[in-house]
Amino acid sequence: MTPTTDSDSPGSSTATLLRQMAATLPQAFVKLDPRHVWRSPVVFVVWVGSLLTTVFAVVSPSWFAWLITVWLWATVLFANLAEAVAEGRGKAQAATLRATRTDTVAHRRGSGGVIEEVSAAELTVGDLVIVSPGEVIPGDGDVVEGMATVDESAITGESAPVIRESGGDRCAVTGGTTVLSDGIVVKVTTRTGEGFIDRMIALVEGAARQKTPNEIALTILLTTLTMIFLLAVMALQPLAIYSGAAQTPIVLIALLVCLIPTTIGALLSAIGIAGMDRLVQRNVLAMSGRAVEAAGDVSTLLLDKTGTITFGNRRATELITAPDLAGDEITRAAYLSSLADETPEGRSIVELAAIALSDDDRRQLDEMPSQGAEFVAFTAQTRMSGIDLPSGAAVRKGAADSVASWVHDNGGQVPRGVLTDVDTIASSGGTPLVVASREPGQAPRALGVVHLKDVVKPGMKERFAQLRAMGIKTVMITGDNPLTAKSIAAEAGVDDYLAEATPEDKMALIRQEQEGGRLVAMTGDGTNDAPALAQSDVGVAMNTGTSAAKEAANMVDLDSDPTKLIDIVSIGKQLLITRGALTTFSIANDIAKYFAIIPAMFVVLFPGLMTLNIMGLSTPKSAVLSAVIFNAVVIIALIPLSLRGVRYGPSSSSALLRRNILLYGVGGVIAPFIGIKLIDLVVSHLPL
Amino acid sequence: MSDTLSGLLTIGVLVVALVVVHVPLGNWMAKVFTDERHWRPERIFYRLARVDPSSEQGWRSYALAVLAFSAVSIVFLFLLIALQGVLPLARGAAMHLDTALNTAVSFVTNTNWQSYAGESGASPVVQTMGLTVQNFVSAAVGLAVAIALVRGLARSGSATIGNFWVDLVRGVIRVLLPIAVVSAVMLMLGGVISNLSEPTTITTVSGGHQVIQGGLVASQEAIKELGTNGGGYFNANSAHPFENPNYLTNLLEIFLILVIPFSLPRTYGVLVGDRRQGFAVAGLMAALWGIMVTVITWSEVHAAAGPIGAMEGKEVRFGPWASSLFAASTTGTSTGAVDSMHESYSALGGGGALFSMLLGEISPGGVGTGLYGALLIAILTVFISGLMVGRTPEILGKSIGRREITLTALALLVMPALVLVFTGIGLVLPTVRAQMFASGPHGLTEVMYAYTSASNNNGSAFAGFSADAPYTNLTLALCMLLGRFVPIVLVLGLAGSLVAQRRRPGTAGTLPTHSPTFVGLLVGIALVVTGLTFFPALALGPLAEALS
């Protein structure tokens, strides 16, 4: 499976889609089985209608009867085709996955340390298996001993190996992935056949697909509409007999099929499958369609600060020189002191300082370590690090009080201005590091302050503004103190934050939001996230997370990218919008069909009804046939839209509503008038 | 003054009166159904009926109470009519048993379809003890059901939707009775009769003899209109000069028909704590009513039948404008009173009256039924358009899921099913065809109009159709029963399912149900759904007639 970030690419080219349709055509025929068709009441009515017209066409054959029959069957076939194409995409992915699930030999460690070779299928929950480099992990489980790099490209499509180790939040491994280096002992946590890959195959194939709550509700509405039209058409015959213009069954069936909401009825399951598929293409695996729908309803997003909103590491953003000193002193000192500092903070100081230094300066400073300089490493006791030069000079950087006491202890002074800067930075939520240096034989001096802060990822503020426009509240979850949390929250533009958050706090927040009637979405990866993931309405576990987290969540992000939650919400909304838009389109279409068929049925009896033939269709038979053909063809025409989903950009509900009503409501009224007229221009040349 | 000017002025006066009155009346009704205290006469009733007014009911219990009360009412009214010959003041009034059953069902369902001739079919005892009583309580039942549904939307996470007996009693005592008393007096002042005189026989100018009936007309007339009942004391209904003597009483009667249905959206808005919601529902009702008034009036004024429009079947004292206004109002409210004969309307005018009922009585609909009918349309609209904003559809923070849409869809399905099935059967049955007055498209309209009127609990008639025969009496009674009580039970079920839900707070992503766009959608959905359902039938009836 190749991950695709652009959902539009598959199927956007007509040629690809046509090829897919041609390839799945046999499947569409197989789906003509009434046991399958029955699942969509609307399509089933068309199926029964097609069967009846076939009988009538055989009994009293005519060009008209046979053409109607063929096009009615085509309507059912097109509905099946839509579903088959949607399923076909998942099937290709499933095949790739299946290929990885070859029968693996497992090295099971029995009691007493005896290692036996068994088939993966024989493993039971709780077994310990040893996996060596080059071997495939036989089943889902947790690493209990050792650490290894694992190639998970089979499920994530990501070729870079990941590290899995015992203990902590990186202990889960997936059956079917390959250990590249080192060796691990894995405790099996799921039974064979129920593992992650098996579930994934079932999901993408659509085998495990159940109708979602909204889909069921919509099906009920469509069934009711079908019943109303069934009654309207059945009642029409006695009315027609009374009026003296009894209709042939074929025309009545044609009218019925045109009126019932075949368009949405035919495309409904394709829309659902395609929605799941769009998630899979973004490397998100939803355990149920219900969760995808719930994503559209989410009104509160809980986002972890680290890694989601910020880069996750504090970075140096500013070097503030102490009063009365030249600017480059602190730059040089900060650069020098951080040269050996491999922490992300240290790297960021080097990067920042490097910008201000000339190439010569840099070269000179870079050479110092090789000239006998000694690094002083950071420890929890000293809370500072630095470098001692052979000349006797020294540089220190670290927590303000630690560095200050180093300066004082050696007889130096820390200028007032430096202390003020420290306080300012701390109160803004940042972390101040004081840099000090000592020239040989002199008292140390504080040179200035490095401003470290959590840097908000670019573009987050805009995304949160979009979410706000969509009516979604964002809450930042962080372990930071309230001061830091507040400042980052303000910078990122989230609506609220939860500081010094414990798993219990998180849980309480979710409950509180839910009691207020809001649906909550969150991401998590640790075992202690599991209860909150289970409690939230949309819980997205990172694939790197523990199996407990994955088990509790209803979605797994294979890329382990927490910002994807925002995409997931969009996909959920898009799924619902596509259904609503096509339902509206389908109903709106009926108006034109009436204007085509009703005058055609009764114009002989009541010539005045010709006024209603506003499309100027050539003959009654051609009018009926044109409406039936339009009804069938529109399904094919809308398959790409139902697979791709209606275009959706974040905006307010009112704007969305206006746009979609204009496009699918008003458009749905007008389109068939044009379509039926065009078809009639062709059909009128047939010998009906 | 030209007809057009006086017509427009009439409509203008009516609209201004409604706009002024709907605020205090709507607020009053909201207070009535939320008041903690019970009035003394109400307590007496509760004690007699052994009802605990402080206990609330779940939807099942509420629905059972509605059904039990209505069943007992039907039996009582049927016996009263069947036995009227042996009761005082019989005056020779009598009905066949099937007519009696039809009448009993008709008045209990707030339909007031009259298979009998008003003055000769029902004695003053039946009229006052039976029919007038039902005029009050059947309207109060509709009001109670509407309020129960509103509670379903207004309350959050509750198990009960109110107490039917309390709602019923308050509806009668605090809403219907006071207005009915005041308006009865006003009608009397306007010339509507109210006496217990024996029938008087007079000799007409041309020498023929005519029996003039008296009766307690004014009191029944007031509640006939106010409760959107429509059953006239006289056969000629509000066309009769004793029921509706002049232009002013005509205007007052139209006002009475519309006043509660147009005030209920206000009550709804107040009860759900957002008046804009009420405006939206009122907007839907007003738009549909406006469209129907326009269509019918235009069609009657422009019909080529006479110099000032189609005057056949209309009273000279009202003319086409006021008659059309009455017609649109009575068919849009499930009232069914008439001040002119709809059968004689032009094809499009009569078709308009028919279409007005086919909308499902939401323009503005009957007392209570109009509001819950409009809310059903709102839920249907929310379901379709709610999906288009990318959320599970919700109204006032209550989501429309499987159960809610099933109940809504079924409630909306009942009326079209009854109309289509029984019209279809009727048109091929020789016995029904023999009862038709006209042939061709107009005859089709007659039969369809009768079943539409019954299934919508309207009660107005295309008078040419002689409905007083066993088959039509019984099938029409069935339509009235099913058309009334199946939706009521479904609506109460909906109230039960909504009331249990916790209310979700609205956000920028929620579909606003008060915006002009949404009102436009409501009107569109109401028109399209009705149009699509009945277009084929209408094409063979009014449309065929109009276009030929």
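Across all chains of this predicted model, a search of the whole structure identifies 41 salt bridges. Between chain A and chain B, by contrast, the count of salt bridges is zero.

Several of the intrachain pairs may be described individually. In chain A, the side chains of A:D33 and A:R35 form a salt bridge with an N to O distance of 2.6 Å. The two partners fall into separate accessibility classes: A:D33 has a relative accessibility of 25% and is therefore partly exposed, whereas A:R35, at 70%, is classed as exposed. A further salt bridge links A:E215 to A:R579, with 3.7 Å between the closest N and O atoms. Because A:E215 belongs to helix α8 of chain A and A:R579 to helix α22 (residues 564-602) of chain A, this pair ties together parts that are 364 residues apart in sequence. Both A:E215 and A:R579 are buried.

The side chains of A:D557 and A:K564 also meet in a salt bridge, at 2.8 Å from N to O. A:D557 has a relative accessibility of 0% and so counts as buried. A:K564 retains a relative accessible area of 6%; this value lies under the 20% limit, and the residue is therefore buried as well. In chain B, salt bridges with shared partners connect B:D35, B:R37, B:E42 and B:R174 into one network.

The contact between the two chains was examined next. It involves 57 residues of chain A and 56 residues of chain B. Together, chain A and chain B bury about 4,900 Å², and carbon and sulfur atoms account for 76% of this area. On the chain A side, A:L239, A:Y242 and A:L657 contribute 15% of the area buried against chain B, more than any other three residues. As stated above, zero salt bridges are counted between chain A and chain B.

Internal space was then analysed. Rolling a probe the size of a water molecule over the atoms reveals where empty space remains. Eight cavities of 30 Å³ or more are counted. The largest cavity encloses about 550 Å³ of space. Its lining comprises 35 residues, and those nearest the centre are B:L359, B:G360, B:A411, B:L412 and B:M415. Helices of both chains contribute to this lining: α8 (213-243) of chain A, and α13 (369-387), α14 (402-428), α17 (470-499) and α18 (516-547) of chain B, each supply at least two residues. The largest share, seven residues, is provided by α13(B). Classified by residue type, the lining of the largest cavity consists of 21 nonpolar, twelve polar and two charged residues. Helix α8 of chain A thus recurs in the description, as it supplies lining residues of the largest cavity and also carries A:E215 of the salt bridge with A:R579.

Finally, the surroundings of a single residue of chain B were considered. B:T335 is located in the loop between α11 (319-332) and α12 (347-358) of chain B. With a relative accessible area of 0%, B:T335 is buried. Residues up to four places away in sequence being excluded, B:T335 touches B:T111, B:K224, B:E225, B:T228, B:N229, B:G230, B:I257, B:T330 and B:N458. Between B:T335 and B:G26 the C-alpha to C-alpha distance is 20 Å, with a separation of 309 residues in sequence.

Technical notes:
Residues numbered from 1 in each chain as written. Chains lettered and ligands numbered in written order. Predicted model: local features only at pLDDT ≥ 70, side-chain atom pairs only at ≥ 80, totals over all residues. Heavy atoms only, no water. Helix = DSSP H or I, 4+ residues; strand = E, 2+ residues; numbered from the N terminus. Buried < 20%, exposed > 50% of the residue type's maximum accessible area, 1.4 Å probe, protein only. Contact = heavy atoms within 4.5 Å. 1 Å grid on protein atoms, 1.4 Å probe; cavity = no way out; pocket = protein on both sides within 12 Å on 5 of 7 lines; lining within 4 Å. Points joined across faces, edges and corners; volume = space filled by probe spheres on them. Nonpolar A, V, L, I, M, F, W, Y, C, P; charged D, E, K, R; others polar. Buried area = accessible area lost by both parts, 1.4 Å probe. Salt bridge = Lys/Arg side-chain N within 4 Å of Asp/Glu carboxyl O.
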